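Please look over the sequence and the three-dimensional structure shown here before reading on. The report is meant for a reader who has not met this structure before.

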Amino acid sequence: MNDNVLSNYVFGETYFPHVAIPINRKAGDTIIFFESKQLIWKIEKQLKDKKKIANNLNVDSLMAVDAIDLIETFDSKYNFFLPDNVNEIRNMYYFGSLSTLGIQAFLTLKEATNITNLQPWATMYNKLL
């Protein structure tokens, strides 16, 4: 394990995302996780309306992990940072590349956060295809 990567990504016993962007914290019911912060910028056209992102989702926040860091440093003894109101969040979607790395990041993130309702963001994959 690369200790430098781990120390940049883990604080205490908690993994922190590379980017966390609150959008509509009071009324949002959806968190969207991205494989990397670069993906947020690549689909910027689909993210024009920050409160109603693709398919009229009422987004609470956007979060980006770095897939390589997450996979290389994953240890189930660490928690993953989530907003305080995560128990009230109805939808959690993941968007990443359809590569082995992207799929492994999704599976690792789902395991790391113990979010049983984390799903691939199929609507966005369909829009981009």
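What follows describes the overall layout, then the aromatic rings, the nonpolar core, the strands, one charged pair and one helix.

## Overall layout

The structure is a predicted model, and every statement below should be read with that in mind. The protein has five helices and nine strands, which, read along the sequence, follow the pattern α-β-β-β-β-α-β-β-α-β-β-α-β-α. Buried residues make up 48% of the 129 residues in the protein. Among contacts between residues at least 6 apart in sequence, 82% join residues that are at least 24 apart, and several of the pairs described below link distant parts of the chain in this way.

## The aromatic rings around F34

The structure holds five aromatic pairs, and two of them share the ring of F34. In one of these, F34 and F95 meet edge-to-face, and the pair links F34 in strand β4 (residues 30–34) with F95 in strand β8 (residues 91–95), 61 residues apart. In the other, F34 and W121 are likewise edge-to-face, and because F34 lies in strand β4 while W121 lies in the loop between β9 (118–120) and α5 (122–128), the pair ties together parts that are 87 residues apart in sequence. The table sets out the geometry of these two pairs.

| Pair | Centre to centre | Angle between planes |
|---|---|---|
| F34 and F95 | 6.2 Å | 75° |
| F34 and W121 | 6.3 Å | 80° |

Ring pairs link F34, F95, W121 and Y125 into a cluster. Are F34 and F95 buried or exposed? Both F34 and F95 are buried; for F34 the relative accessible area is 0%, and W121, with a relative accessible area of 2%, is buried as well.

## The nonpolar core

In soluble globular proteins, nonpolar side chains tend to be buried together. The largest nonpolar core here has 35 residues, and of these F33, F34 and W121 touch the most other members. Strand β4, helix α2 (37–42), strand β6, helix α3 (67–73), strand β8, helix α4 (100–113) and helix α5 each supply at least two residues of this core, with the largest share, five residues, coming from β6. When its neighbours within four places in sequence are left aside, F34 is in contact with residues that include L39, I40, L62, M63, Y94, F95 and W121.

## Strand β6 and its partners

Strand β6 (residues 57–64) is mostly covered, since seven of its eight residues are buried. Strand β3 (residues 19–22) pairs with β6 in the antiparallel sense over four bridges, and in this pairing I21 has L62 of β6 as its bridge partner. Strands β4 and β6, by contrast, run parallel and are joined by five bridges, and here F34 stands opposite A64 in β6. A64 also appears among the contacts of F34 beyond its sequence neighbours.

## Charged residues

Side chains of opposite charge can pair when their charged atoms come close. The structure holds one salt bridge, in which the side chains of D29 and R90 meet at 2.5 Å, N to O. D29 sits in the loop between β3 and β4, whereas R90 sits in the loop between β7 (79–80) and β8, so that the two lie 61 residues apart in sequence. D29, at 16% relative accessibility, counts as buried, while R90, at 56%, counts as exposed.

Another acidic residue, E35, lies in the loop between β4 and α2 and is buried, with a relative accessible area of 8%. Leaving aside neighbours within four places in sequence, E35 is in contact with residues including V65, D66, Y94, F95, G96 and L101. Among these, V65, Y94 and F95 are also in contact with F34.

## Helix α4

Helix α4 has 14 residues and reaches 20 Å from its first C-alpha to its last, close to the 20 Å expected at 1.5 Å a residue. Which residues of α4 are buried? They are G102, A105, F106, T108, L109, A112 and T113. An α-helix has 3.6 residues a turn, so residues three or four places apart point the same way. What covers the buried residues of α4 includes strands β4, β7, β8 and β9 together with helix α3.

Technical notes: Residues numbered from 1 in each chain as written. Predicted model: local features only at pLDDT ≥ 70, side-chain atom pairs only at ≥ 80, totals over all residues. Heavy atoms only, no water. Phe/Tyr/Trp six-rings, centres within 6.5 Å; stacked < 30°, edge-to-face > 60°. Buried < 20%, exposed > 50% of the residue type's maximum accessible area, 1.4 Å probe, protein only. Pairing = 2+ DSSP bridges. Core = buried A, V, L, I, M, F, W, Y, C linked by side-chain atoms within 4.5 Å. Contact = heavy atoms within 4.5 Å. Salt bridge = Lys/Arg side-chain N within 4 Å of Asp/Glu carboxyl O. Expected span 1.5 Å × (residues − 1).
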